Every structure is written in C-alpha cells, then in structure tokens.
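Good morning, and thank you for joining this short presentation. Please look at the sequence and the structure as they come up, and follow along as I name residues.

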Amino acid sequence: MKINLIRLIATAGATLKRYPVEMGIAAYGFVAGALLYEEVFTDHQANIALAPLFFALAFVLNNAIRCPRGRWAYYLCWVPIAPLWAVDPEAWVVSAAYAVTLANCVLGVAASRWTRDNKAFASEALTYLFNATVAAFFAGIAHLLLIAIYFSTVYIFGLPGRHNDGFLFYSSMAAYVLALPLMLLTFTRGNIDRELRPARMLDTLLNYIFTPALLAYTAILYAYFVQIAVTWSLPKGGLAYMIFVFAMLAVVVRSCQPLLGRRLYDWFFGRFSLIALPAVAMFWIGTLYRIRQYGFTEWRVYLLLCGAIMTLTLLMLMSRRTGRYLYIALMAGVVLSLFTYIPGLSAADIAVRSQERRVEALASSLGLLGPDGQFAGDTIIRPDSAQAASLRSLHESLDYLRNHHAPLRGLDSPADLSRYVPDGTWGEIIYGNGSSPGKSLYLDADGARFDLTGYPVFAPSSRYTKQGSHYDDSGDTLRIYQDGRQLLAIPFDSLMAVQFGRAGLGTGTLPDEETLSAHRSELMLYRADSLAVLFSSIWLGEEAGRPVLSNLQVNGVATRADRH
C-alpha cells in the first residue's frame with residue numbers, strides 16, 4: 001500500500017510538472033466555485049463558465065508551442081482570468097458564440113500537435129476521447145462512492161444533515177473540477193504518443209453498428225432526393241441539420257478506418273464525397289430558399305457556415321494532398337472564428353442586418369413607413385387580406401430585433417403593430433388561433449415601476465435559448481427555467497386567474513382598456529414564493545365572451561438570494 005501511494009503521488013507530481021497551468025486553472029475553478037457557493041461574492045457569476053475555455057487554451061498552447069522562446073505564451077495564458085471578473089459575461093455565455101467557442105476548443109485540442117498524417121491524427125483524437133470518457137467514468141464512480149459513504153455515516157450515527165448540501169457541492173467539485181482534469185491529463189501524458197492499436201470493440205462499433213446505420217441513412221436520403229425531384233418540391237426545413245450531422249459523422253467514421261483490424265467499407269468511404277452529392281444539394285437548396293424567404297437569424301448564419309464547412313471538407317477529401325484532417329480542423333476553426341469574433345462580420349451582426357432589411361422591405365410593401373423610414377401612417381390591414389401574412393412576418397422580424405436590442409424604427413414593441421389592424425383582430429392575424437385579444441398591455445421602455453422587494457437577483461429571460469434563464473410558453477403553459485432547472489410551470493388560464501385576482505378583477509368578462517391600464521402594475525408582475533416574473537407584454541382576448549390569456553412575453557425573472 002505504501003508503494004502504491006508513493007507511486008500515485010509521483011504520478012500526480014509528474015502530471016503537475018507537465019501541465020502546471022492546466023491544473024492551476026482547474027484549482028482556480030474549484031476556489032472560484034467555492035467562493036460563489038459561500039456567497040463571498042455574487043457578482044458576475046457567469047465568469048466561472050470561462051474556466052473550461054482557458055483550460056483548453058492552456059492545453060492547446062502547451063502542445064503547440066515546444067520552442068522554449070515561445071513558452072511564455074503558455075505560462076501567461078491564464079492572466080486574463082482575473083481582469084475578466086470586472087465584466088459580466090452572462091449574455092455572451094448564453095449566446096451562440098459560447099457554444100461555438102466550445103466547438104473551437106475541441107478543434108484546437110485535436111489539432112494542437114500539428115499532426116499531418118491522417119492515421120496518427122485520428123489515433124490522437126480517439127485517444128483524447130477515450131481518456132476523457134475514462135476520466136469522467138472514474139470521477140463519477142468516485143463521487144458516487146463518496147456520497148454513499150457520507151450518507152451511510154450520517155444515517156448510522158444519526159448525525160445532523162445540515163451539511164448535506166455543502167458536502168454534495170464540494171464533493172462534486174473535487175471529483176469533476178479537480179480529479180477529472182488530473183486523471184485526464186495523467187492518461188494523456190501516458191498514452192498520447194502511443195499509436196492506437198486496432199481493438200475488437202472499435203471494429204464491432206464501426207463495422208457493425210455505425211457504418212450500417214450510415215448506409216441505411218444514405219439510402220433514405222437518396223429515396224427522398226428522388227421523391228422531391230419527381231414531385232418538384234422543396235426539402236423539409238429540418239433536413240439541413242440532419243444532413244450536416246450525417247455527413248460529418250461519416251467523415252469521423254471515415255477517419256477511423258485506418259485504425260480498424262478489418263476494413264470492410266473502404267468502397268463506401270473512399271467515394272463518400274461523391275456519394276454525398278445529392279444530400280449536399282438538398283442541404284443548399286433548402287437552406288438558401290429559407291434564408292431568402294425569412295432572412296438570416298444567428299442560427300441560420302451558423303447553419304450556412306456548417307454547410308460551408310461540410311462542403312469544403314468533402315471537397316478536400318477528394319484529394320490526398322488536401323484531404324488531411326489537420327487541415328480540415330484548422331479550416332473549420334478559422335471559418336467559425338471569422339464569423340463569431342469579428343464585429344460586423346459576426347453571425348449575430350449579420351442576422352440583425354438581415355432582419356432590419358426584411359423589416360424595411362415588408363413595412364414598405366405594406367405602406368407602413370413614413371418619409372423618415374420610421375413607422376407611420378394609418379393603414380388598416382384586415383385578417384382576411386393577402387397582407388396579413390406579410391404583417392405576421394413583419395412582427396416576427398421585429399420580435400427578433402427586439403430580443404437582440406436593435407432599434408424598431410420608432411416602435412416601442414413589435415405589438416405596437418396592432419394599431420394597423422381592426423380592433424379585436426390582432427391575435428387572429430399574428431397567431432392565427434382565432435383568439436383575438438381585444439385589449440393588449442405592453443411594458444414600454446419607460447414603463448411603470450414594479451416592486452421586486454424580496455427578490456434581489458434579477459436575470460433577463462428569453463424564449464430563444466435553452467441556457468441560463470429562459471422560458472417556454474408553448475402548449476398554453478408558461479414554464480420558467482434557470483440553468484436547466486424548471487422553476488415554474490403554470491397554465492395560461494391559472495396564470496390569468498391569479499393576475500386578475502391580484503388586481504381585484506373578475507374573470508367573467510374582459511375589462512375595458514382603461515380598467516386594464518389602471519391595473520397594469522399588478523397584471524404585468526407575477527409573484528410566487530420563490531420568484532417573480534416580469535412580463536414585457538401580454539395579450540388578452542375573448543372566447544365565448546370570457547377573457548383568455550392568448551400570448552405573453554417574459555422580460556425577466558427575479559429570485560430570492562437564498563439557495564434551495
């Protein structure tokens with residue numbers, strides 16, 4: 001036991017010596033997480049999400065820079081961590097740019113050793129994946145064992161459970177923030193220079209599971225291609241994402257072929273660039289058509305970039321000279337970086353400009369713009385007119401611009417378009433649900449003040465992301481989420497009953513505009529024990545003579561400071 005302990009310490013010491021900055025960043029993540037948990041400071045908590053990015057950066061520089069003169073870049077790459085606490089990166093962390101940065105980290109790690117040989121590149125990439133999987137498995141097992149030992153001790157000896165939450169937090173931090181990186185780096189130090197040998201499990205996985213699935217998927221795509229060619233129709237909207245995943249998965253499996261003991265599908269992967277042509281054609285036809293129809297959004301820009309990366313990859317693989325996975329990884333990283341980090345060229349900026357042009361074109365066609373380019377005039381658009389669809393599209397674009405803090409050509413809210421439709425038809429035109437809100441309430445930029453006493457932690461909320469604070473209002477139910485955890489789920493009818501009750505209004509008939517405006521502060525703020533929801537707009541309509549809540553938009557969610 002003594003020898004094993006000494007050997008374990010020596011192994012950990014060798015890893016710390018080989019990867020000092022990486023382990024320093026892991027230790028920083030542990031300390032910063034502990035300080036946030038203990039509420040030593042509570043500002044800019046999203047900074048903790050930057051630690052994995054710096055860890056990956058340090059690892060890439062450690063591998064890529066072997067010249068002693070350039071090693072200073074590796075040893076100093078952690079320095080920006082501390083100054084970044086002066087800014088709040090939450091908006092960036094929940095944006096597409098953060099997800100793209102994580103993807104760039106993966107590409108950077110794969111390319112960090114500048115390995116040009118395809119077989120060696122694939123061997124290294126699989127080794128990283130294997131090491132990360134094994135490290136995560138061991139860390140998870142260790143964490144579960146710690147939990148079992150702790151709670152068994154608490155139960156057997158009847159100890160108080162007031163420290164349970166703290167133990168769960170610190171044990172998880174120790175397992176996943178300290179032990180997991182240490183094991184990952186230890187495994188990598190020990191086996192990254194060894195060529196991965198053919199393994200029966202890898203042969204079985206690729207030859208008898210993944211590749212047959214790819215062949216079946218190829219047949220399905222060919223059949224669908226024939227169908228749309230015969231019927232002269234457009235590919236379905238979601239097909240582009242499916243084709244991208246299919247093509248890139250095929251490229252990954254192709255890269256693993258030299259590592260197999262039995263290569264059964266060289267005939268397929270050797271010609272995959274040509275075999276995939278119909279799928280690539282469907283990708284571009286469907287994507288470009290929808291962009292032409294609806295304009296760019298940030299995710300459509302990234303879909304276009306993914307298509308460009310996919311197409312360039314398949315073209316590069318047609319030549320032995322250019323078909324090196326190192327070049328493909330570098331190409332993908334450069335493309336994603338150009339359209340993520342450069343102002344004016346970023347996907348977010350391109351999308352905003354596209355939607356602004358779409359707003360101008362639609363509003364001009366409807367005759368809603370004045371000489372100064374701002375919304376003006378008294379045009380009335382009826383629900384049964386051909387212009388109703390254009391107004392719906394205009395509302396969608398304005399809603400996108402509002403959520404990205406872009407000017408709305410003189411409007412305070414997309415719902416201000418309701419002045420261009422007859423009374424009681426707004427919901428019918430915009431949502432097509434036959435429920436037309438006769439009255440609408442909007443939270444203006446300089447709107448009424450709301451009392452959030454007791455809820456000191458406020459976070460803006462969006463329906464366009466699944467990270468951080470976000471909400472879902474589908475199915476006539478409002479669901480509030482925070483960091484993947486559901487905080488609230490309440491049906492629209494229950495929500496309206498609660499809000500009308502707080503305002504002292506009955507739910508038998510829809511109040512008039514003046515009455516609703518007088519109770520605006522009560523109707524636009526929902527309070528519960530653990531949170532308060534501030535609405536930016538709500539739509540009230542009538543069905544069978546009774547008021548209904550037909551739609552809403554959430555401005556943000558305020559919560560209490562205490563932990564649950």
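Let us begin at Gln257, which touches Arg263, Asp266 and Phe269 when residues up to four places away in sequence are left out of the count. Before going further, I should state that what you see is a predicted model. Gln257 sits in the loop that runs between α10 and α11, the latter being residues 266-269. Is Gln257 buried or exposed? Its relative accessible area is 2%, and therefore Gln257 is buried, since the term applies to anything under 20%.

Two of the residues that Gln257 touches, Arg263 and Asp266, also have a link of their own. Arg263 and Asp266 form a salt bridge, in which the closest N and O atoms are 3.3 Å apart. Here I may recall a general point: side chains of opposite charge can pair when their charged atoms come close. Arg263 has a relative accessibility of 44%, so Arg263 counts as partly exposed. Asp266 is likewise partly exposed, because its relative accessible area is 35%.

How many salt bridges does a search of the whole structure find? The search finds four, and I shall describe two further examples.

One of them joins the side chains of Arg113 and Glu124, with an N to O distance of 3.1 Å. Arg113 belongs to the loop between α6 (96-111) and α7 (118-157), while Glu124 belongs to helix α7, so this pair ties together parts that are 11 residues apart in sequence. What about their accessibility? Arg113 is partly exposed, at a relative accessible area of 28%. Glu124, by contrast, is buried, because its relative accessible area is 8%.

Another salt bridge is formed by Glu360 with Arg409, and its closest N and O atoms are 3.6 Å apart. Glu360 lies in helix α16 (residues 347-365), and Arg409 lies in the loop between α17 (387-403) and α18 (426-431); the pair therefore ties together parts that are 49 residues apart in sequence. Glu360 has a relative accessible area of 39%, which makes it partly exposed. Arg409 also counts as partly exposed, at 23% relative accessibility.

I now turn to the surface. Which residues form the negative surface patch? They are Asp43, Asp88, Glu90 and Asp483. Of these, let us take Glu90, whose place is in helix α5, residues 90-93. Glu90 counts as partly exposed because its relative accessibility is 31%.

There is also a nonpolar patch on the surface, formed by Leu205, Tyr208, Ile209, Phe210, Leu249, Val252 and Leu264, and together these residues have about 580 Å² of accessible area. The elements giving two or more residues to this patch are α9 (200-231) and α10 (239-255). Which element provides the largest share? That is α9, with four residues. Ile209 is found in helix α9, and Ile209 is partly exposed, with a relative accessible area of 48%.

Next, I would like to compare positions along the chain with positions in space. Val498 has its place in helix α19, residues 492-503, and counts as partly exposed at 33% relative accessibility. Val498 and Tyr526 are 28 residues apart along the chain, and their C-alpha atoms are separated by 8.2 Å. Our second pair begins with Leu5, in helix α1, residues 2-18. Leu5 counts as partly exposed, with a relative accessibility of 48%. Leu5 and Leu401 are 396 residues apart along the chain, and 60 Å separates their C-alpha atoms.

Finally, let us consider the protein chain as a whole. The chain has 21 helices and eight strands. Its C-alpha atoms fill a box of roughly 80 × 70 × 45 Å, taken along the principal axes. Of the 564 residues in the chain, 44% are buried. Among contacts with a separation of 6 or more, 69% are between residues 24 or more positions apart.

The accessible surface of the chain comes to about 29,400 Å², and carbon and sulfur atoms account for 63% of that surface. As for charge, the chain has 46 positive and 42 negative side chains. How far apart do the centres of these two sets lie? They lie 18 Å apart.

That concludes my presentation, and I thank you for your attention.

Key:
Residues are numbered from 1 along each chain as its sequence is written. Side-chain values use heavy atoms; hydrogens and water are left out. Patches are made of residues with over 30% relative accessible area and no salt bridge: like charges are joined within 9 Å, nonpolar side chains (Val, Leu, Ile, Met, Phe, Trp, Tyr) within 5 Å. Accessible areas come from the Shrake-Rupley method with a 1.4 Å probe; for residues, only the protein chains shown count as cover. Lys and Arg count as positive and Asp and Glu as negative; His and the chain ends are not counted. The place of a charge is taken as NZ of Lys, CZ of Arg, CG of Asp or CD of Glu. Buried means under 20% relative accessible area, exposed over 50%, partly exposed in between (1.4 Å probe, protein chains only). Contact means heavy atoms within 4.5 Å.
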